[in-house]
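Reader: Please show me the model, then take me through its packing.

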Amino acid sequence: RNRFRLIMLILKKFLLWTSAISAIVGAVKVRAPAPEWKGEALMPDGSFQSLSHIDFLGKYYILVFYPLDFTFVCPTELRAYSEAAKELAELDVDLIGVSVDSKFVHLAWTETPREDGGVGKLDIPLIADVTKQISKDFDILAADDDELAGIAMRGTYIIDPQGTLRAYTIHDEPLGRSVEETIRAVKGLIYADSHQGEGCPANWEPGASTIKANPTDSKEFFKQWA
């Protein structure tokens, strides 16, 4: 009997250990490869098309997860991101929306006037993550036991041309995002990629001073900043 209990205790610890290892291995981390993904999307022209991470290799792109179509904060975010698509395209950056709605719900949402709770025509694709696999892989699903259980939160993931996750933020459902901050972040990363050894300080905007990331040359910035 004691031997059985010992075996069960060892088995329990082993399962906890393997679970912890799996969580670490599968964790979404900056500077690590972003999760691979594939899904059906509603395109800006109203057609349906299969998209995957492979389609965006070689360029920066941004995945914008949001809770649901036909809700409340979401249309304000998606309209703002859609309006930013042209500016991002000039930087060769793509932007893709993702929710757990079906592609047909996406279509209905874009065909519904804004005054009636729709979002109108968008200039960005909307992925239909109906299996929730993409949201699971990006660790963005709410796990609470409430009406938002199993729904993606407001996650913004910036992925570079090599498929590496460079930055991400997650907001709870009530809080809409700053599209301007998303644009600032991707501009800063693009700048840093082409100016190795420099860092973009707080509230940096293109054209502003950067920091040379070494003890001697950084003083040039700090003298201006002090």
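Reader: Which residues is F65 in contact with, leaving aside its neighbours within four places in sequence?

Author: The model is predicted. In it, F65 touches V98, I134, S135, F138 and I140. The rest of its contacts, again without neighbours within four places in sequence, are A152, M153, R154, G155, Y157 and R177.

Reader: Which strand gives the most residues to the largest nonpolar core?

Author: This core has 23 residues. W37, L63, F65, F138 and Y157 touch the most other members. At least two residues each come from strand 3 (60-65), strand 4 (93-99) and strand 6 (154-159). The top contributor, with 3 residues, is strand 3.

Reader: How many residues are in the second, separate core?

Author: Its members include Y60, Y66, L78 and L189. The number of residues in this second core is 22.

Reader: Are helix 2 and helix 5 roughly parallel or roughly antiparallel?

Author: Helix 2 spans residues 74-90 and helix 5 spans residues 179-194. Their axes come within 10 Å and cross at roughly 30°. Angles under 35 degrees count as roughly parallel. Therefore helix 2 and helix 5 are roughly parallel.

Reader: What is the handedness of the crossing of helix 2 and helix 5?

Author: Handedness is a separate matter from the angle. The crossing of these two helices is right-handed.

Reader: How many residues of the contact of helix 2 with helix 5 are nonpolar?

Author: Helix 2 brings A80, Y81, A84, E87 and L88. Helix 5 meets them with V179, T182, I183, V186 and K187. Of the residues in this contact, 2 are charged, 1 is polar and the nonpolar ones number 7.

Key
Residues numbered from 1 in each chain as written. Predicted model: local features only at pLDDT ≥ 70, side-chain atom pairs only at ≥ 80, totals over all residues. Heavy atoms only, no water. Core = buried A, V, L, I, M, F, W, Y, C linked by side-chain atoms within 4.5 Å. Buried < 20%, exposed > 50% of the residue type's maximum accessible area, 1.4 Å probe, protein only. Helix = DSSP H or I, 4+ residues; strand = E, 2+ residues; numbered from the N terminus. Contact = heavy atoms within 4.5 Å. Axes fitted to C-alpha atoms, helices over the stretch in contact; angles between N-to-C directions. Parallel < 35°, antiparallel > 145°, perpendicular 65-115°, else oblique. Left-handed = near helix turned anticlockwise from the far one by under 90°. Nonpolar A, V, L, I, M, F, W, Y, C, P; charged D, E, K, R; others polar.
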